Structures are given as C-alpha cells and as structure tokens.
Amino acid sequence: MSEQNGYQKHEDDQLYKLRHSLAHVMAQAVLELYPEAKIAIGPPIDTGFYYDFDLGTDAEGKPRTFSSEDLEEIETRMKRIISGKYPFEYREVSADEARQLFADQPYKLELIDGLDAGEVDEYGNEIDEKPVISTYRQDSFEDLCRGPHVEHTGQLRTDAFKLMNVAGAYWRGDEANPMLQRIYGTAWRNKKELKAHLKMLEEAKKRDHRKLGRELEIFIFDEEIGPGLPLWLPNGTIIVEELEKLAHEMETNAGYEHVRTPHVTKEDLFIRSGHLPYYAESMYPPMELDGIKYYVKPMNCPMHHKIYGSKLRSYRDLPVRLAEYGTCYRYEKSGELFGLMRVRSMQMNDAHIYCSVDQFEEEFLGVVGLYLKYFELFGLERYVMRLSTHHPKGLGKKYVDNPLLWAKTEEMVRRAMEHGGVPFVEVADEAAFYGPKIDVQVWSAIGREFTLATNQVDFAVPPRFDLTFINNEGQEETPLCIHRAPLSTHERMVGFLLEHYAGVFPVWLAPEQVRIIPITDAHNEYALGLEAQLQAAGVRAAADLAGERMNAKIRAAQMMKVPYMLVVGDQEIENESVALRKRDGSRQNDLPFGEFLALVTERVATRSPLL
C-alpha cells in the first residue's frame, strides 16, 4: 500500500487537512527560497506530510541537496506564510490550462498527461476513470490538487509542526527515474501532540533494530557479501532457532507436516506457476548451465505444489498442510532495503494448505487462530486484519484474469472472517496475483506499524500444476490452496521483536539467559560448576571468568540485557546458593541454587513473559 493510498480514508479528518495544507505551504516556501526548483508530489501521510523536489545540479554536475540548515530556513519561511492567513482557493481547469499553468514544471506536466488520459491521479496512482483536473492556490502558490484543505493558512498551528529530515526518493518509485529530494514533516493538532510524537521518536531511535542488532550482536551486513543479505551472528542464530522451534511445535500440534525444498530450480517451474510473468522484476536473474536456466527461488509454493502432486490424493487425505522454513531470495530495490525489515535473503515461515471448498472456512480461520496465539505469546495487543482484494483494471496484467473466481474467493474470505467474528478492514488492489489475502498489520510497543503475516487464497495456480483429489463421488476435483506465513520471515520477525522488546527479550528467547559472575578467581570453579548444571538443564548460561572487577562484569551483562546474573563468592559456595541480580534491577541474596534452577527452567519451558 502506498503511503498516500493508505491515508485516503482520512480525507475528511481535520488532521488530514492540516497536513495536506502544510505540504502546500512547504512547497511554496521552497520555491520562494529556491526559484529554480522543480516540484513533484506532496501528500499527507500518517504522521505528517512530505514533498518531493528536484533542485537541479551544482557547478560540478552533482545533484543539489537540502542541508539541515536549509530545513530550518524553510520552516521559518513556512511560519511567515502561515501568518498571512491566506485562503486556500479551489478551481477546476482544463488539461490545456493546467499545462500552461505548470509549463515550467516537468513532473507536474507528466501527472497532467496521466490525469488527462484517465490513467493516474495527481500523486501518480492508477485510477479508474478520467477525473476533474483541479488546483488549490494560497498566496502566490498554486498546485495541482483535489484537496481537501483547511480554509486558510491561519488555521495551521506554527507550534504544532516540524520539518524532520530529507531523504532521496526516485520519481514515481522507479530507479530509472531522477532522484528527488523528499522533505518529511510531522504535524499535529497542537503543541502537546507534537511534543508527544517527538518523544516517541526519541524512544524509537533507542529501539531501532539496526542499532540494537549491532549492540546485542544479533546480525550484521557486509558489503563484500552484498546489500540485503544478512549474516546471523551466534546470538541472532539462537533467536532464529527458538522461533523455528516454536513454529514447529505450533504447526505439528495443528496437523502440519514439515518438508524441505532446494534453493534453486529450473525456469520451467516458475513459467508453469505463472510467477515469471507477474514476479520477474522481484527475482534474481537466471543462471544458465548446459542450456538450461535456473533461478534461486523467491518463494516455496511451486515446490510444495510438486510435493502435493507427487501422489494420488483422496478427499479423506484432505486437508494436506505442508510447512517449511525455506530460504528464499528476492531482488528488492536497493532504495527499499531497510535493515532486517526489507532484505534480499529471507527464511520464510511458510506453509500451504490444500483443501476442498467445504473445508476452506475452517482452515482459513484455523490460520487466523494461529496468528492470535502468536500475538498473545509476544504481547501484541494492537493489530488489524486487512483483506486485500483485486482491482478489475488489473485483470490479465497484475492479476489472473478470472473475474468469477475473484468474486467467489473474495466473498469466501469475507464470509469466513465474519463467521469467525474476526474484525477486518478491506483494501482494494493489494491482492496476490492468484487470489485475495489477509495481511496482518501489527504495532510494536512504540506504535511502529509492520506488515508481519499473510494468509492468501490461491485459486489460480493449483490447476496449472494439475493438482487434484478424488472427491466423495469418485471424481477428480481441484483443491484450493491457502498460503500462510504467521511469523513472516525470520528477518522481519526478529527485527520487529528487537524493536518491540527494545532488545529486552523474554527469558525463553534471550540469547544468553544466565551469566555467572565470580567475585574473584578463587570462585571460578564454583561458577563453572553452576554453568555446567544450567547447561545440562537446557539453560543458556555462561560463566564470566575474565580478569575484570565484579562491577565491570555486571555492567557488561547488563549491556547485553542478560535476564539473570548470578554473583558467587565465599558465602554462596558455603551455602550452595547464588546472589541473584535480575535485569530489572531487583535482587535476591543467598538464593538456593536449586530454587533458581527451578525458576529459570519454568520460565523457559512455559515461554513465560515474566522475569
């Protein structure tokens, strides 16, 4: 979902109007300060607004960019414009009038051509019909826009917005197009809301999974390996293995069978599945050996289809649930790569359920129920199930051309969600190419939104693989396929959990659960004995035998957010006890070691959120 599309439903909201109006004021300020600038688009978004600019090149032919000092100057100019209380004046114009009005603005001219042809709106998004071309004017600035806006600039609070940063953005998201300068601003109803948002952003910086990933030695990237290809360090590998263990247990209990498939396959498989025509831009280019093209796989489903189709199936065998944590590779655009959240190598918590139409609702809701169990375990209280449907205009291009099956399966998903009492929102033109899907949006503890999981219906691909089962009337029937990934990918899930927990993982998921800290070298032998007992019980424990002072060792464990620290000295040796220091600062002296061992093993075995 594009940022502006995801925000259109709020058009009548006053905050939307404030942010939209501030985007226009910012564009006016930039043009007053940089008359040679070319303007592109400037929509409101969920925390504020942005506008894209082309500043041309400097004397050396390099693209001009905005500095932090420039942002301060632009913000000052915006406040001056706001003080003028200029009305926002709407008018409708013909395409030719619009072209004349924006004769020196090439990006606007391209949008006008799209509007005139009935292809795109003023943001460059696809549209269904030819729209009215309109503009809004305040003071000396007029922009291509359908609104809405506040009545006049005086309704904009000068103490409730702030310009945040500049980022590069390709025109219309295409790397083949010019790189523009995007200025982001945040805007709120009043000073108090702005202050609260800025405070949340400071907290978000502390929780940035890229920062925590380095500090806690979870993962790294390396230029010699390539962008978007993460290396899991030992601590990160432990987290990944714990998540995979969790998924394996949950799926086994839910009747899934686990399979494994290769990383590469012949081109023919993806031609048959239909992925190459629809998905080629997101795939790595092929390797050619002995005249045969091979691709690294961007998804597991075609191979799972092959496993399903490897033997005759009866209705008595259904549903068949095949699960795999398979490694896939997708060539995400370099500008879209973002830590673990958008990568090119990913391990997917993938499964495919083959079922009859009669079994569909129960199976689909079973997947949703699995999501909810995971959310409870990880303490995710805020989430939205989003039904993504097709768009008729995309049939035969973006989507499989079968309007009857699109209508049927979309209604099946709606009915299942309604019968299950599961709240959902509906978004058009975001489906998979082969069918509708539920995307699960979750929010971390600091309010950051993520698309974490998906539950997709596939009516198109099983027939291409001649997948069938013998129904209860002895006839061949094509099954439906449900694609699901409740834990997303290892990469995105770990990135999300790093930010959600701020690196303070629950005991069961913490890479190191216990650190034993001897007061002096004379206590090392006892510390090593405790380490051995803990490890024998399946607890991830390590004795710190470094030559540092005790307090330095405690600080080192705290920096790595180890849940439990056991300080041991003469008294602990004599009493076979430990001095327990928890990560939250609480302490318990002279705790019998057996009691501590029972505590930590219970926390791990039950995957408890408690410390």
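Is Leu231 buried, partly exposed or exposed? With a relative accessible area of 31%, Leu231 is partly exposed. Here is a friendly tour of this predicted model, from the whole chain down to a few individual residues.

**The protein as a whole**

- The secondary structure amounts to 19 helices and 28 strands.
- Along the principal axes, the C-alpha atoms fill a box of roughly 90 × 70 × 55 Å.
- Of the 611 residues in the protein, 51% are buried.
- The accessible surface comes to about 28,600 Å², and carbon and sulfur atoms account for 48% of it.
- If you take the contacts between residues at least 6 apart in sequence, 70% of them join residues at least 24 apart.

**Leu231 and its surface patch**

- Leu231 belongs to strand 10, which covers residues 231-232.
- Together with Ile220 and Ile225, Leu231 forms a nonpolar patch on the surface.
- The accessible area of these three residues together is about 210 Å².
- Leu231 counts as partly exposed because its 31% lies between the 20% under which a residue is buried and the 50% over which it is exposed.

**Helix 8**

- Helix 8 runs over residues 234-253, and its 20 residues should span 28 Å at 1.5 Å a residue. Its end C-alpha atoms are 29 Å apart, which agrees with that expectation.
- The buried residues of helix 8 are Asn235, Gly236, Ile239, Val240, Glu242, Leu243, Leu246, Ala247, Met250 and Glu251.
- Looking down the axis of helix 8, you will find these buried residues within an arc of 160°, so they line one face of the helix.
- A general point helps in reading such a list: an α-helix has 3.6 residues a turn, so residues three or four places apart point the same way.
- Pro234, Glu241 and Asn253 are exposed on the other side of helix 8.
- Gly255, just after helix 8, takes a positive phi of about 90°.

**His490, a contact partner of helix 8**

- His490 sits in helix 15, which comprises residues 490-501.
- The relative accessible area of His490 is 0%, so this residue is buried.
- Beyond its neighbours within four places in sequence, His490 touches Trp232, Val240, Leu243, Glu244, Tyr325 and Gln347.
- Two of these partners, Val240 and Leu243, also appear among the buried residues of helix 8.

**Helix 19 and its cover**

- Helix 19 (residues 593-605) has 13 residues and reaches 18 Å from its first C-alpha to its last, close to the 18 Å expected at 1.5 Å a residue.
- Phe593, Phe596, Val600 and Arg603 are the buried residues of helix 19.
- Viewed down the helix axis, the buried residues of helix 19 fall within an arc of 95°, so they line one face.
- The cover over these buried residues includes helix 16 (524-536) along with strand 24 (514-518), strand 26 (564-568), strand 27 (577-582) and strand 28 (587-592).
- Arg607 follows just after helix 19 and takes a positive phi of about 50°.

**Val568, in the strand 26 part of that cover**

- Val568 is found in strand 26, one of the elements that cover the buried residues of helix 19.
- Val568 has 0% relative accessibility, so it counts as buried.
- Leaving out neighbours within four places in sequence, Val568 is in contact with Ile516, Ile517, Pro518, Ile519, His523, Tyr526, Ala527, Leu530, Ser577 and Val578.
- Ala579 is 11 residues from Val568 along the chain, and their C-alpha atoms are separated by 6.3 Å.

Methods:
Residues numbered from 1 in each chain as written. Predicted model: local features only at pLDDT ≥ 70, side-chain atom pairs only at ≥ 80, totals over all residues. Heavy atoms only, no water. Helix = DSSP H or I, 4+ residues; strand = E, 2+ residues; numbered from the N terminus. Buried < 20%, exposed > 50% of the residue type's maximum accessible area, 1.4 Å probe, protein only. Contact = heavy atoms within 4.5 Å. Patch = residues over 30% accessible without salt bridge, like charges linked within 9 Å, V, L, I, M, F, W, Y side chains within 5 Å. Areas by Shrake-Rupley, 256 points an atom, 1.4 Å probe, with all protein chains shown as cover. Salt bridge = Lys/Arg side-chain N within 4 Å of Asp/Glu carboxyl O. Expected span 1.5 Å × (residues − 1). Arc of directions from axis to C-beta.
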